[in-house]
Amino acid sequence: MTSSEVRPDGQKSTLATWRTRILGGLAVIAVLVVAYFILAAFIPRWWAQRIAELVSGSFSKGIGWGLVYGGLFTAIPLFLMLLAALVWRRRAGKVIAGAAGGLAVIAAIPNLMTLSIVLGGNSAAHAGQRILDVDAPAFRGASLVGAIVALVVFLLVVFVVVRRGWRRKHPAEPVTSTPPSQSTAPVSPKLT
């Protein structure tokens with residue numbers, strides 16, 4: 001550090017501080033880009049091989065495991081995000097919401113890896129598609145169906161929660177029914 005970077009009070013200048021921050025940020029970005037390219041070449045093949053070992057070429061196992069993976073790993077992240085939204089404004093809610101959000105991302109990883117195979121355009125994704133076609137038939141389609149079912153269940157739960165909150169904030173006015181009033185007109189005597 002040169003003498004121009006240190007102020008008389010012994011602290012670093014703001015230029016030196018910002019230069020360090022910028023260089024650190026660029027280093028983090030470079031590491032993330034390299035990690036992305038390494039993982040993009042590795043994850044689709046590896047995940048397809050894990051699923052292929054699990055399914056072993058069976059259509060029924062492919063459908064069963066696809067429904068389980070698609071449903072479970074869609075429902076868990078969605079419900080964790082709902083929890084995060086519900087506790088956000090409560091005491092310590094931001095900590096709980098942050099933890100729930102982090103767990104939601106972790107729980108979504110299996111579906112994200114399957115999605116990297118289905119939507120990926122690189123050679124690893126194409127290799128993963130071929131592996132799933134041969135050794136894990138019906139897994140991708142069943143995974144999609146499971147995710148859709150989980151989404152529908154989640155939307156029903158959200159509807160019930162929102163409706164319950166609406167009814168708490170806006171209670172229905174009690175309906176008072178008045179009994180039929182008796183006529184106040186004098187009864188005329190019967191003439192016989």
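# Aromatic pairs, pockets and local geometry

Eight aromatic pairs are counted in this structure, which is a predicted model. One of these pairs is formed by Trp46 and Trp47, whose ring centres lie 6.2 Å apart with 40 degrees between the planes, an arrangement that is classed as tilted. The protein chain has 192 residues, of which 27% count as buried, and its secondary structure consists of six helices and zero strands, so that, under the rule for assigning elements, the order from the N terminus reads α-α-α-α-α-α.

**Aromatic rings**

- The two partners of the tilted pair fall into separate accessibility classes: Trp46 is partly exposed because its relative accessible area is 31%, whereas Trp47 counts as buried because its relative accessibility is 8%, under the limit of 20%.
- A second pair, made by Phe79 and Phe154, has ring centres 5.4 Å apart and planes at 75 degrees, and because that angle is over 60 degrees the pair is described as edge-to-face.
- This edge-to-face pair links distant parts of the chain, since Phe79 belongs to helix H2 and Phe154 to helix H6, with their positions 75 residues apart.
- Are Phe79 and Phe154 buried or exposed, or does either fall in between? Phe79, at 30% relative accessibility, counts as partly exposed, while Phe154, with a relative accessible area of 12%, is buried.
- Beyond the single pairs, ring pairs join Phe42, Trp46, Trp47, Trp65, Tyr69, Phe73 and Phe139 into a cluster, and Phe73 from this cluster also appears in the lining of the second largest pocket.
- A charge is also found over a ring: the charged end of Arg21 sits over the ring of Trp18, at 4.8 Å from the ring centre.

**The largest pocket**

- The largest pocket holds about 330 Å³ of space.
- Its lining is made up of Leu86, Arg90, Val161, Val162, Arg164, Gly165, Trp166, Arg168 and Lys169.
- Which element gives the largest share of this lining? Helix H6, which spans residues 139–169, supplies seven residues and so, by count, the largest share.
- By residue class, the lining of the largest pocket divides into four nonpolar, one polar and four charged residues.

**The second largest pocket**

- The second largest pocket has a volume of about 280 Å³, and the residues lining it are Phe73, Thr74, Ala108, Asn111, Leu112, Thr114, Leu115, Val118, Arg140, Ser143, Leu144 and Ala147.
- Three helices, namely H2 (59–87), H4 (109–119) and H6, each supply at least two residues of this lining, and H4 gives the most, with five residues.
- The lining of the second largest pocket consists of seven nonpolar, four polar and one charged residue.

**A buried polar side chain**

- Gln129 is placed in helix H5, which covers residues 123–135, and this residue is buried, because its relative accessible area of 18% is under the limit of 20%.
- Where does the side chain of Gln129 reach? The side chain of Gln129 comes to the backbone oxygen of Ile117, at 2.9 Å.

**Positive phi outside glycine**

- Most residues other than glycine have a negative phi.
- Ala92 has a positive phi of about 65 degrees although it is not a glycine; Ala92 is found in the loop between H2 and helix H3 (93–107), and at 48% relative accessibility it counts as partly exposed.
- Ala138 likewise has a positive phi, near 70 degrees, in a residue other than glycine; Ala138 lies in the loop between H5 and H6 and is partly exposed, with a relative accessible area of 31%.

**A separation in sequence and in space**

- Leu72 is found in helix H2 and is partly exposed, with a relative accessible area of 42%.
- How many residues separate Leu72 and Ala107 in sequence? The two are 35 residues apart along the chain, with a distance of 8.9 Å from C-alpha to C-alpha.

Definitions and conventions
Residues numbered from 1 in each chain as written. Predicted model: local features only at pLDDT ≥ 70, side-chain atom pairs only at ≥ 80, totals over all residues. Heavy atoms only, no water. 1 Å grid on protein atoms, 1.4 Å probe; cavity = no way out; pocket = protein on both sides within 12 Å on 5 of 7 lines; lining within 4 Å. Points joined across faces, edges and corners; volume = space filled by probe spheres on them. Helix = DSSP H or I, 4+ residues; strand = E, 2+ residues; numbered from the N terminus. Nonpolar A, V, L, I, M, F, W, Y, C, P; charged D, E, K, R; others polar. Phe/Tyr/Trp six-rings, centres within 6.5 Å; stacked < 30°, edge-to-face > 60°. Buried < 20%, exposed > 50% of the residue type's maximum accessible area, 1.4 Å probe, protein only. Lys NZ or Arg CZ within 6 Å of the ring centre and 35° of its normal. Polar contact = N/O pair within 3.5 Å; in protein donor to acceptor, adjacent residues only side chain to side chain.
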